[in-house]
Amino acid sequence: MLRSITMITQSQVKELFTYKDGNLYWINRPYKSRVDITKPAGTVTSDGYRAIMVNKKYRRAHRLVYMYHYGFYPETLDHRNNDRLDNSIDNLRPATYQQNNRNASLAKSNTSGVKGVSYCKQTDRWKAAIRTGTKNLTVGRFDSIKEAEKAIIQKRKEIHGNYANNGRVVK
């Protein structure tokens, strides 16, 4: 499903911006402002994305970069390396909501340090679990965190394919 975000076309994006090294730069100063056109357009939001005001509406820079290159917005865009400010076209790929979630980094609330692995006090073992569609799948219970990590990484590659992310930012 393609998203229409208050209708901006590829030609309009190319009229407003130039693309260089993963960033968009204003061609001319917008709205008689004092914007420095030698710096990347937009501002970094509280959730870590760069947003740019276009036609009185903030738009995520990665979406504008994708529109600049391909002429449409995919349902969801995924940053391959999980760096929300790395909007280089090679780092962006179309994804479904589920694929984007599969590529998520390690959650802040994770206490084991390994994505998908938790300690089970009842069994005194490490539990490896993964989400597949709408179901949770227990990969197994292990005596060591290393064994659990190895098993979850293998299962994640098998199930998530190119969108598998083991919780570490790839740089």
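**View 1. Helix 2, wrapped up in the fold.** Helix 2 is largely enclosed by the rest of the structure, because 8 of its 10 residues are buried (buried is under 20% relative accessible area, exposed is over 50% and partly exposed is in between, with a 1.4 Å probe and protein chains only). The model shown here is predicted, so local features need a pLDDT of at least 70 and side-chain atom pairs count only at pLDDT 80 or more, while totals for chains, interfaces and linings use all residues. Residue numbers start from 1 along each chain as its sequence is written, and side-chain values use heavy atoms, with hydrogens and water left out. The buried residues of helix 2 are A61, H62, R63, L64, V65, Y66, M67 and Y68. Just past the end of helix 2 comes G71, with a positive phi of about 85 degrees. Helices (H or I, at least four residues) and strands (E, at least two) are DSSP runs, counted from the N terminus.

**View 2. The largest nonpolar core, with V54 in the frame.** This core has 18 residues, and V13, F17, L24, I52, V54 and L64 are the ones that touch the most other members. Two or more residues each come from strand 2 (23-26), strand 4 (50-54) and helix 2 (61-70). Helix 2 chips in the largest share, 6 residues. Zoom in on V54 and you'll find it touching I8, L16, F17, W26, Y31, R59 and L64, leaving out residues up to four places away in sequence. There is also a second, separate core of 9 residues, with W126, A128, A151 and I152 among them. A nonpolar core here is a set of buried Ala, Val, Leu, Ile, Met, Phe, Trp, Tyr and Cys residues joined through side-chain atoms within 4.5 Å. As a rule of thumb, nonpolar side chains in soluble globular proteins tend to be buried together.

**View 3. N23, a buried asparagine in strand 2.** N23 sits in strand 2 and is buried, at a relative accessible area of 16%. Skipping residues up to four places away in sequence, N23 touches T18, P40 and R50 (contact means heavy atoms within 4.5 Å).

**View 4. The largest pocket.** Its volume is about 510 Å³, and 18 residues line it, with Y49, L77, H79, R84 and N100 lying nearest its centre. Helix 2, strand 6 (76-79) and helix 3 each supply at least two lining residues, and strand 6 gives the most, with 4. By type, the lining splits into 4 nonpolar, 8 polar and 6 charged residues. For the sorting, Ala, Val, Leu, Ile, Met, Phe, Trp, Tyr, Cys and Pro are nonpolar, Asp, Glu, Lys and Arg are charged, and the others, Gly among them, are polar. A pocket is an open set of points on a 1 Å grid over the protein atoms alone, where a 1.4 Å probe fits and protein lies on both sides within 12 Å along at least five of seven lines; lining residues have an atom within 4 Å of a point. Grid points are joined across faces, edges and corners, and the volume is the space filled by probe spheres set on the points.

**View 5. N100, at the pocket lining.** N100 belongs to helix 3 (residues 97-102) and is partly exposed, with a relative accessible area of 24%. Leaving aside neighbours within four places in sequence, N100 is in contact with T76, L77, D78 and A95. The C-alpha atoms of N100 and H79 are 8.3 Å apart, with their positions 21 residues apart along the chain.

**View 6. The second largest pocket.** This one has a volume of about 250 Å³. Among its lining residues are Q98, N101, R102, K115, R131, R156 and H160. Helix 3, strand 9 (125-132) and helix 4 (145-160) each contribute at least two of them, and strand 9 gives the most, with 4. The lining divides into 2 nonpolar, 6 polar and 4 charged residues.

**View 7. Two non-glycine residues with positive phi.** N55 isn't a glycine, yet its phi is positive at about 55 degrees; N55 lies in the loop between strand 4 and strand 5 (57-60). D124, also not a glycine, has a positive phi of about 55 degrees. D124 is in the loop between strand 8 (117-120) and strand 9, and it is exposed, at a relative accessible area of 54%.

**View 8. Confidence along the chain.** The average pLDDT (the predictor's confidence in each residue, from 0 to 100) is 88, and 94% of the residues score at least 70. Over residues 1-5 the pLDDT is below 50, and this stretch has 12 contacts in the model beyond near neighbours in sequence.
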